[in-house]
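The exercises below ask you to look at a ligand and at the residues around it. Work through each task with the structure in view before you read the solution.

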Amino acid sequence: MKFLLIAGARPNFMKIAPVLEAFRPFREAHQVRLVHTGQHYDARMSGAFFRDLGIPEPDVNLGVGSATHAGQTARVMVAFEQVCLAETPDWVVVVGDVNSTMACAITAKKLGIRVAHVEAGLRSRDMSMPEEINRLCTDAVSDLLFTTDVGANQNLRREGVAEEKICFVGNTMIDTLLRHIDRARSIAPLNGYSPGNFAILTLHRPSNVDNETTLRGILDAVRSLAARIPVIFPAHPRTMKRLEEFGMLASAQSIPGFRVIEPLSYLPFIGLVSHSRMVLTDSGGIQEETTVLGIPCLTMRANTERPITCDVGTNLLVGVDPDNVKDAAVGVLEGNVHRGRVPDKWDGKAAQRIVEILVGRG
Ligand code: UD1
């Protein structure tokens, strides 16, 4: 059989890497091609992750780049349709919830190619989130839905997905984390920071960074936190652009104890998280990584598609009200932390389970 594996944006790379690797023993019998849509293209958003994770050069790069949602989705679909027609794969394997995930899933399905979705069934129930639309559309056309937790299984069942399509396999992002954590931990924190004595901030959701008032409020909260513990902020390109547009960059950079840095690649970032006192974020994946690392995570969103990280992990949803964010962060400093446990099947073997199922389907 022939499998096309799709990666498009930063959070896809750590999810696809172990799947690609798990195909290794089956390479004689099956063909596997890696397609990069080019949704993320900067060296620090893409190439650096390929290097850190040992992912080989993609077989195909669609080079779509940035655009509006419709523009980006359309460009991926047009370019990927040509790849499907030329390659005639048996399966297209998509991961996560970015625009590339949905675009490739729909394109393949309309050509009669079977689609497998890794990280299916997550739901925030928030349709103002582009990723929620991507998740719903991708799952609706997928033939195999690989889930990370039992909550996702329930979501899919409730939506009427046939039981035989749902496979609870675990979390490939955590496969990558467990594989690389020792190497990542051995990287010393940035100069001037000692383990356990700094916090990390990440921020890129349009609902937080495209809205000037919300972004200002978050920075106000961070200002009070940075007075008590140093805060490191690896800033996403979208966020940097907004800080500049809103005329807030200089004031952010001058907050005492607050350090704005370039986005980090995988190993330095995970290393930094593992040494941190807490993480404040609006990311999806980081909620899961902190849960496994046992690091307190404050998620600055009204909802999460990953409730298991709150129910059993170290995550706390704090919204974006500056006082709430500040109080929750101070609470962590004062020892108010939920130690949590690692969810079932987040054991480093998810990709292996996925590939065994895929090659067994014929
Ligand atoms: C995308 C995903 C989001 C994911 C995030 C991780 C969608 C809808 N969103 O959001 O789910 O959490 O990636 O980063 O797919 N840019 C660069 N260099 C790059 C890529 C982007 O400068 O390599 C800038 C561009 O100005 C671009 C903006 O960042 O317009 C946003 O990029 P885009 O891929 O549209 O969305 P993200 O916010 O990165």
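Helices are DSSP runs of H or I with at least four residues, and they are numbered from the N terminus. The model used here is a predicted one.

**Exercise 1.** Find which helix gives the most residues to the shell around the ligand.

*Solution.* Begin with the helices that each supply at least two residues of the shell, which are α1 (10–22), α3 (69–87) and α10 (237–245). Then pick out α10, which gives the most to the shell, with three residues.

**Exercise 2.** State how many residues surround the ligand, and sort them by character.

*Solution.* First, count the residues that surround the ligand: there are 19, and the closest are Q39, E131, H204, R238 and K241. Next, divide the residues of the shell into five nonpolar, eight polar and six charged. Finally, turn to the domains, where domain 1 (2–171 + 346–361) and domain 2 (182–333) each provide at least three residues of the shell.

**Exercise 3.** Describe the polar contacts that E131, K241 and N99 make with the ligand, using a cut-off of 3.5 Å between N or O atoms.

*Solution.* Take the side chains to start with: a polar side-chain atom of E131 is 2.5 Å from an oxygen atom of the ligand, and an N or O atom in the side chain of K241 also lies 2.5 Å from a ligand oxygen. Then consider the backbone, where an N or O atom of N99 lies 2.8 Å from an oxygen atom of the ligand. As a last step, look at the ligand as a whole: on its own it has 740 Å² of accessible area, of which the protein covers 90%, and the space that the ligand takes is the largest pocket.

Note on methods: Residues numbered from 1 in each chain as written. Predicted model: local features only at pLDDT ≥ 70, side-chain atom pairs only at ≥ 80, totals over all residues. Heavy atoms only, no water. Near = heavy atom within 4 Å. Polar contact = N/O pair within 3.5 Å; in protein donor to acceptor, adjacent residues only side chain to side chain. Areas by Shrake-Rupley, 256 points an atom, 1.4 Å probe, with all protein chains shown as cover. 1 Å grid on protein atoms, 1.4 Å probe; cavity = no way out; pocket = protein on both sides within 12 Å on 5 of 7 lines; lining within 4 Å. Sits in = over half its atoms within 2 Å of the grid points. Nonpolar A, V, L, I, M, F, W, Y, C, P; charged D, E, K, R; others polar. Domains from an automatic or database assignment.
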